[in-house]
Amino acid sequence: MLLFIALLLHVFSGVASSNDSGEPSICSILNYSGAHNGSKYFLSNFYYMYIQQALDVCSSCGMYLVEVNDESEFRFVQKIARDSKTESLLLSGSDKIKEGKWVFPNNEPVNFKEWTNGAPDDAGTVEDYLAINRPNGYRMNDVKDEPAYIYRFLCERAINSEDVLDQVK
C-alpha cells in the first residue's frame, strides 16, 4: 500500500500541493466537487486499481468513500458523475461479508439503492462492491475488485467550519 501511495506522489509531484513539511500531499489528487446536506465531496482525478486504494486515499485525507444515504444525496452524486463526464464511479458499500446484505465499511446497512436493470447480479462471478456508470444511466451496479475495471471515486466528509479542508473552494 505504501508503494502505491509513493507511486501516486511521484506521478503527481509536478501538480501536487504541499503540506507543512513541503512534501506533496496525496489529497491533491482529489478535486472539490460541491457540498450537499452537511457534507463536502471530492472527486478523484485518477482511476484506482483496487477498492482498498480508494478507501485508503479517502481515509488518508480525513474523509471516507461516499456513502449514499438517500435519494437526494444519490441525485447529487449522479450530477457530479455526469458533470465531470465520469464513465464509472465507485461508491461505498459491499456485500462481500454476506451475499445480498449491502453494508458500508462501518457495517451500517446501505438503505438506499437504485439498481440498474438486473442488478445486483454478480454477472456470473463475484461482484461485491457498489458503483454507478454512464452506460447504466448512473444507476447502481455491483462490480468486481480487480484492475480490469477502472473507476474514479468520490470522497465525502462532514462540513466542519474549524477544519482547513472546509476552506477549499
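1. In the hairpin of strand 5 and strand 6, which residue takes a positive phi, and how many residues lie between the strands? The model discussed here is a predicted one, and in it the residue concerned is G137, with a phi near 65°, in a hairpin that has 6 residues between its two strands. A second residue of this loop deserves a look alongside G137: Y138, which also lies between strand 5 and strand 6, has a phi near 55°, a positive value in a residue other than glycine. Y138 counts as buried because its relative accessibility is 6%, under the 20% that serves as the cut-off.

2. As to the overall plan, the protein has 3 helices and 7 strands, and read from the N terminus the elements follow the order α-β-β-α-β-α-β-β-β-β. Of the 169 residues, 46% are buried, and the exposed area comes to about 9000 Å², of which carbon and sulfur atoms supply 51%. Among contacts between residues at least 6 apart in sequence, 64% join residues at least 24 apart.

3. Strand 5 is mostly covered, with 5 of its 5 residues buried. Side chains in a regular strand alternate between the two faces of the sheet. In strand 5, Y129, A131 and N133 point one way while L130 and I132 point the other way, and all of them are buried. On one side strand 5 pairs with strand 4 in the antiparallel sense over 4 bridges, and the pairing with strand 6 is likewise antiparallel, with 4 bridges. Y129 stands opposite V143 in strand 6.

4. S88 offers a view of the pairing from strand 4, the element in which this residue is found, since S88 stands opposite N133 in strand 5. With a relative accessibility of 9%, S88 counts as buried. Once neighbours within four places in sequence are set aside, the contacts of S88 are with I132, N133, I150, Y151 and R152.

5. Helix 3, covering residues 71–83, has 13 residues and reaches 18 Å from its first C-alpha to its last, which is close to the 18 Å expected at 1.5 Å a residue. At the start of this helix, a side-chain oxygen of D70 comes to within 3.2 Å of the backbone nitrogen of S72, and just after the helix K85 takes a positive phi of about 55°. The buried residues of helix 3 are E73, F74, F76, V77, Q78, I80 and A81. These buried residues pack against a set of strands that comprises strand 1 (30–36), strand 2 (39–44), strand 4 (88–94), strand 5 (129–133), strand 6 (140–143) and strand 7 (152–158).

6. A search of the whole structure finds 2 disulfides, and with the bonded cysteines counted along the chain they follow the pattern 1-3, 2-4. One of them is formed by C27 and C61, whose sulfur atoms are 2.2 Å apart. This pair links distant parts of the chain, 34 residues apart, with C27 in the loop between helix 1 (2–11) and strand 1 and C61 in the loop between helix 2 (51–60) and strand 3 (64–65). The torsion about the S-S bond of C27 and C61 is about -115°, so this disulfide is left-handed. C27 counts as partly exposed at 25% relative accessibility, whereas C61 is buried, with a relative accessible area of 5%.

7. The other disulfide joins C58 to C155, with an S to S distance of 2.0 Å. Because C58 lies in helix 2 and C155 in strand 7, the pair ties together parts that are 97 residues apart in sequence. Here the torsion about the S-S bond is about -85°, so the disulfide of C58 and C155 is left-handed. Both C58 and C155 are buried.

8. Two further points of backbone geometry merit a check against the model. Most residues other than glycine have a negative phi, and most peptide bonds are trans. N37, although not a glycine, has a positive phi of about 50°; N37 lies in the loop between strand 1 and strand 2, and at 67% relative accessibility N37 counts as exposed. A cis peptide bond joins A119 and P120, with omega about -5°, and P120 is found in the loop between strand 4 and strand 5.

Key:
Residues are numbered from 1 along each chain as its sequence is written. This is a predicted model: local features need pLDDT of at least 70, side-chain atom pairs count only at pLDDT 80 or more; totals for chains, interfaces and linings use all residues. Side-chain values use heavy atoms; hydrogens and water are left out. The expected span of a helix is 1.5 Å times one less than its number of residues. Buried means under 20% relative accessible area, exposed over 50%, partly exposed in between (1.4 Å probe, protein chains only). Contact means heavy atoms within 4.5 Å. A polar contact is a pair of N or O atoms within 3.5 Å; within protein, one must be able to donate a hydrogen and the other to accept it, and residues adjacent in sequence count only if both atoms are side-chain atoms. Two strands pair if DSSP finds at least two bridges between them. A disulfide is a pair of cysteine sulfur atoms within 2.5 Å. Accessible areas come from the Shrake-Rupley method with a 1.4 Å probe; for residues, only the protein chains shown count as cover.
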